[in-house]
Amino acid sequence: MSSPPAYPGIRISGCWALGTESSNAGPLDRLLPPVGTGRSPRKRTTSQCKSEPPLLRTSKRTIYTAGRPPWYNEHGTQSKEAFAIGLGGGSASGKTTVARMIIEALDVPWVVLLSMDSFYKVLTQQQQEQAAHNNFNFDHPDAFDFDLIISTLKKLKQGRSVQVPIYDFTTHSRKKDWKTLYGANVIIFEGIMAFADKTLLELLDMKIFVDTDSDIRLVRRLRRDIGERGRDIEGVIKQYNKFVKPAFDQYIQPTMRLADIVVPRGSGNTVAIDLIVQHVHSQLEERKLRWDMAALASAHQCHPLPRTLSVLKSTPQVRGMHTIIRDKETSRDEFIFYSKRLMRLLIEHALSFLPFQDCVVQTPQGQNYAGKCYAGKQITGVSILRAGETMEPALRAVCKDVRIGTILIQTNQLTGEPELHYLRLPKDISDDHVILMDCTVSTGAAAMMAVRVLLDHDVPEAKIFLLSLLMAEMGVHSVAYAFPRVRIITTAVDKRVNDLFRIIPGIGNFGDRYFGTDAVPDGSDEEEVASTG
């Protein structure tokens, strides 16, 4: 039998390790799949410089496939499933830190971090009392809702939205509100029992075990539970000796043999993390899920704007208002006044694309008039906070009894991905024509997520109208190709976005200029950054 390759500071599990450790079968064998020795060792991944990611091909299909969200391929159907990474290890071994380091080093869009801690079962009254006295075993497989974990991970891999519970460790209960996550190119699932279920294992494309010294784990757990979860030192040590340590020896450590990669020393092992990142990059290349922003921006300039785009006619009046609001010297009062005028024109222009049917009315003179009547059921406006809400008054001024909903999408500072933080939509909007409002769209990621939210609420794609005062060509192309039946309406389209994803020449931070708030320290455009994805 050959020896495993010698990587500094990292152990690669394969047929060698599994063969030598097969005699150490533990109590998890009932949950784990049979371990064979016939697998070939995993191929080593080639070195890849983060500053020089593989460029997109120049063919139109490849460019658009790489640039659109992970939910669709170039034919408008579900693309290949996301790449799922399982991250296991003992309590306080540094799994979450390793996961965040991997996300940062990957430097790819659309990454989701899913924690097993969110899926603790709802405790009975008796179990609640036991937990209050540190007498409930949270480190046992029965403490987790594996059915919900599996269904959630399956949906995420398919690009579908999921509702994830939020667990409160101070009260040992689920909070009333759940968090919404959307499909991604890469899913990182981390938890102490990440490898403790046969069905769950089959969903993981790569399995990593974080192996940290038990003394270090105990110190970290003490610091975390006392500082963050309101526990006392005596209770933490009691729980550790009674449940945590025995559970690690019985249920967690035996799963190390199932890992593709074992990472000693956790987050301190940068060599291991670099190798993991290289392997994931190669997998994303094979699945055509890589997205290089610079190449995409350049490629979009080579293609005509989509037919679903409608730009307000650039009359001298419209161009004059753009001149005022784009001028950095314009006062806030003037900026608001002329922005509102443009919004009113934009809304009026958008309404011309709604369906109308012939109808006849009688005038006060008793004569018939052959006119047009709105052929839809209801018009609903949905604003992407915060800038989108500035367009609501213009919509209300021209649409009587319009219903309004709001969506808050913010960029995760760790992953750089847009995340849904708040959602309030009117009931029964599936038959409505929806006016989706955001003042600036650069790369289009936030707009695409908002469209996806509407689709998840059964709003037909053809009934969604995306309105924005200013868009970049990249955002237009991304939204149009991801959702080819969404109507895109704006007052102007600028050619470029810069390295910070700001529209060039642009309008600046619309929200700050409109509301009179201070810009964020790096001077980035909140609305544009929220759209970078």
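The paragraphs below go through selected features of a predicted model, from its disulfide and salt bridges to a buried aspartate and some unusual backbone geometry.

The structure holds one disulfide. A disulfide is a covalent bond between the sulfur atoms of two cysteines. Here the partners are Cys 359 and Cys 373, with their sulfur atoms 2.1 Å apart. The torsion about their S-S bond is about 85°, so this disulfide is right-handed. Cys 359 belongs to strand E10 and Cys 373 to strand E11, so the bond ties together parts that are 14 residues apart in sequence. How exposed or buried are the two cysteines? Cys 359 has a relative accessible area of 18% and is therefore buried, since buried means under 20%. Cys 373, at 29% relative accessibility, counts as partly exposed. Two further cysteines can be looked up for their burial. Cys 399 is buried, with a relative accessible area of 6%, and Cys 439 is buried at 0%.

Strands E10 and E11 are also linked by charged side chains. Asp 358 forms a salt bridge with Lys 372, and the closest N and O atoms of the pair are 2.5 Å apart. Asp 358 is in strand E10 (residues 356-362) and Lys 372 is in strand E11 (residues 368-374), with their positions 14 residues apart in sequence. Both ends of this salt bridge are exposed: Asp 358 has a relative accessibility of 62%, and Lys 372 has a relative accessible area of 57%.

In total, the structure holds 14 salt bridges. One of them joins the side chains of Asp 205 and Lys 157, at 3.3 Å from N to O. Asp 205 lies in the loop between helix H6 (198-202) and strand E7 (206-211), while Lys 157 lies in helix H5 (residues 146-157), so the pair ties together parts that are 48 residues apart in sequence. Asp 205 counts as partly exposed, at 23% relative accessibility, whereas Lys 157 counts as buried, at 5%.

Another salt bridge brings together the side chains of Arg 326 and Asp 494, at 2.9 Å from N to O. This pair links distant parts of the chain: Arg 326 is in helix H11 (residues 316-326) and Asp 494 is in strand E20 (residues 493-494), 168 residues apart. Arg 326 is partly exposed at 25% relative accessibility, and Asp 494 is buried with a relative accessible area of 7%.

The next residue to find is Asp 432, in the loop between strand E14 (418-424) and strand E15 (433-437). Its relative accessibility is 1%, so Asp 432 counts as buried. What does the side chain of Asp 432 make a polar contact with? The partner is the side chain of Arg 403, at 2.5 Å. Leaving aside neighbours within four places in sequence, Asp 432 is in contact with Gln 378, Thr 380, Arg 403, Val 459 and Lys 463.

The loop between E14 and E15 also holds Asp 428. Asp 428 is exposed, at 63% relative accessibility, and it has a positive phi of about 55° although it is not a glycine. Asp 401 has a positive phi too, of about 60°, and is likewise not a glycine. Asp 401 sits in the loop between H13 and strand E13 (403-411), and it counts as exposed at 59% relative accessibility. For background, most residues other than glycine have a negative phi, and most peptide bonds are trans.

The model also contains cis peptide bonds. A cis bond joins Leu 385 and Arg 386, with omega at about 5°. Arg 386 is in the loop between strand E12 (379-385) and helix H13 (392-398). A cis bond also joins Ile 504 and Pro 505, where omega is about 5°. Pro 505 is in the loop between strand E22 (503-504) and helix H16 (510-515).

The last feature is on the surface. Ile 226, Ile 233 and Ile 237 make a nonpolar surface patch of about 240 Å². Among these residues, Ile 233 is in helix H8 (residues 233-252). Ile 233 has a relative accessible area of 51% and is therefore exposed, since exposed means over 50%.

Key
Residues are numbered from 1 along each chain as its sequence is written. This is a predicted model: local features need pLDDT of at least 70, side-chain atom pairs count only at pLDDT 80 or more; totals for chains, interfaces and linings use all residues. Side-chain values use heavy atoms; hydrogens and water are left out. Helices (H or I, at least four residues) and strands (E, at least two) are DSSP runs, numbered from the N terminus. Buried means under 20% relative accessible area, exposed over 50%, partly exposed in between (1.4 Å probe, protein chains only). A polar contact is a pair of N or O atoms within 3.5 Å; within protein, one must be able to donate a hydrogen and the other to accept it, and residues adjacent in sequence count only if both atoms are side-chain atoms. Contact means heavy atoms within 4.5 Å. A salt bridge is a side-chain nitrogen of Lys or Arg within 4 Å of a carboxyl oxygen of Asp or Glu. Patches are made of residues with over 30% relative accessible area and no salt bridge: like charges are joined within 9 Å, nonpolar side chains (Val, Leu, Ile, Met, Phe, Trp, Tyr) within 5 Å. Accessible areas come from the Shrake-Rupley method with a 1.4 Å probe; for residues, only the protein chains shown count as cover. A disulfide is a pair of cysteine sulfur atoms within 2.5 Å.
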